[in-house]
Amino acid sequence: MNKEIENLSPRQEEIEESVLEKLDQVETIEEGIKVDEEYFSGISDTIAEIQEEVDAIEAKNKGEIEKLEKQIEALLIEIPNDFKPMYDKVREKYRFNSPITKLTGTACAKCRMQISSAEAGEINNSFQHRICSGCGRIIISNQVS
Ligand SMILES: [Zn+2]
């Protein structure tokens, strides 16, 4: 019996030591987690701040966009009636990408599609317009400013 206890004693010490070592490791890891938590809470604060700024910018731009939309609406009313259905159709496709383009020589300034010099003359001299057969934009005289 005594012999057995003598044998087990060092083993127990060994286990105790290993438990202490593990507890040390747990403490180190917990410290690391705390540091990470502080770090991430800092990041999340920063994200919240940026979000606030973005919200403010969005709110401001929304107001400006609405103002511009109203101006556009007013300008659309001024477009001659015979021109409007065609303009609306082209605007659907090129709303933010120059629905109207000028002639460059005898070519569409946007896609470079050539038209006949007779057609170019009509556009330039009698201020007519044409739908470009290349890109579908409205081509107007290059003498319009
Ligand atoms: Zn074109």
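**Exercise 1. Contacts of a cysteine**

Which residues does cysteine 135 touch, not counting residues up to four places away in sequence?

*Solution.* The model under study is a predicted one. Step one is to place the residue: cysteine 135 is found in the loop between S3 and S4. Step two is to list its contacts: with residues up to four places away in sequence left out, cysteine 135 touches Lys93, Tyr94, Cys108 and Cys111. Step three is to consider one of these partners, Cys108. Cysteine 108 and cysteine 135 are 27 residues apart along the chain, and their C-alpha atoms are separated by 8.6 Å.

**Exercise 2. Buried or exposed**

Determine whether cysteine 135 is buried or exposed.

*Solution.* A residue counts as buried if its relative accessible area is under 20%. The value for cysteine 135 is 8%, and therefore this residue is buried. Cysteine 108 is buried as well.

**Exercise 3. The zinc site**

Identify the residues that coordinate the zinc ion, and establish the geometry of the donor atoms.

*Solution.* First, the donors are named: the SG atoms of Cys108, Cys111, Cys132 and Cys135 coordinate the zinc ion, at 2.3 Å. Secondly, the angles are examined. Four donors count as tetrahedral if all angles lie between 85 and 135 degrees. The angles subtended by the four donor atoms here are 99 to 114 degrees, so the arrangement is tetrahedral. Thirdly, the positions along the chain are compared with a pattern: the donors follow the spacing C-x2-C-x20-C-x2-C. Cysteine 108, in strand S2 (residues 107–108), and cysteine 135, in the loop between strand S3 (130–131) and strand S4 (138–140), form a pair that links distant parts of the chain.

**Exercise 4. Positive phi angles**

Describe the location and the exposure of serine 98 and of arginine 112, two residues with positive phi.

*Solution.* Serine 98 is taken up at the outset. Its phi is positive, about 50 degrees, although serine 98 is not a glycine. Serine 98 is located in the loop between helix H2 (84–94) and strand S1 (100–104). Its relative accessibility is 30%, and serine 98 therefore counts as partly exposed.

Arginine 112 is treated in like manner. Its phi is near 70 degrees, a positive value in a residue other than glycine. Arginine 112 lies in the loop between S2 and helix H3 (117–125). With a relative accessible area of 54%, arginine 112 is exposed.

**Exercise 5. The surroundings of asparagine 142**

Where does asparagine 142 lie, and which residues does asparagine 142 touch, not counting residues up to four places away in sequence?

*Solution.* Asparagine 142 lies in the segment after S4. This residue is partly exposed, as its relative accessible area is 35%. Residues up to four places away in sequence aside, asparagine 142 touches Lys102, Leu103, Gly105 and Asn124. For leucine 103, the side chain of asparagine 142 reaches the backbone oxygen at 3.5 Å. For asparagine 124, the separation from asparagine 142 is 18 residues in sequence and 6.6 Å in space, C-alpha to C-alpha.

**Exercise 6. Aromatic rings**

Classify the aromatic pair formed by tyrosine 39 and phenylalanine 40, and state which residue lies over the face of tyrosine 94.

*Solution.* The count of aromatic pairs comes to one. In this pair, tyrosine 39 and phenylalanine 40 are 5.6 Å apart, centre to centre, with 65 degrees between their planes. Planes over 60 degrees apart count as edge-to-face, and the pair is accordingly edge-to-face. Both tyrosine 39 and phenylalanine 40 are exposed. As for tyrosine 94, arginine 137 lies over its face, at 3.8 Å from the ring centre.

Methods:
Residues numbered from 1 in each chain as written. Predicted model: local features only at pLDDT ≥ 70, side-chain atom pairs only at ≥ 80, totals over all residues. Heavy atoms only, no water. Donors = N, O, S within 2.8 Å, 3.2 Å for Na, K, Ca; no water. Tetrahedral: all angles 85-135°; square planar, octahedral: opposite > 155°, others 65-115°. Helix = DSSP H or I, 4+ residues; strand = E, 2+ residues; numbered from the N terminus. Buried < 20%, exposed > 50% of the residue type's maximum accessible area, 1.4 Å probe, protein only. Contact = heavy atoms within 4.5 Å. Polar contact = N/O pair within 3.5 Å; in protein donor to acceptor, adjacent residues only side chain to side chain. Phe/Tyr/Trp six-rings, centres within 6.5 Å; stacked < 30°, edge-to-face > 60°. Lys NZ or Arg CZ within 6 Å of the ring centre and 35° of its normal.
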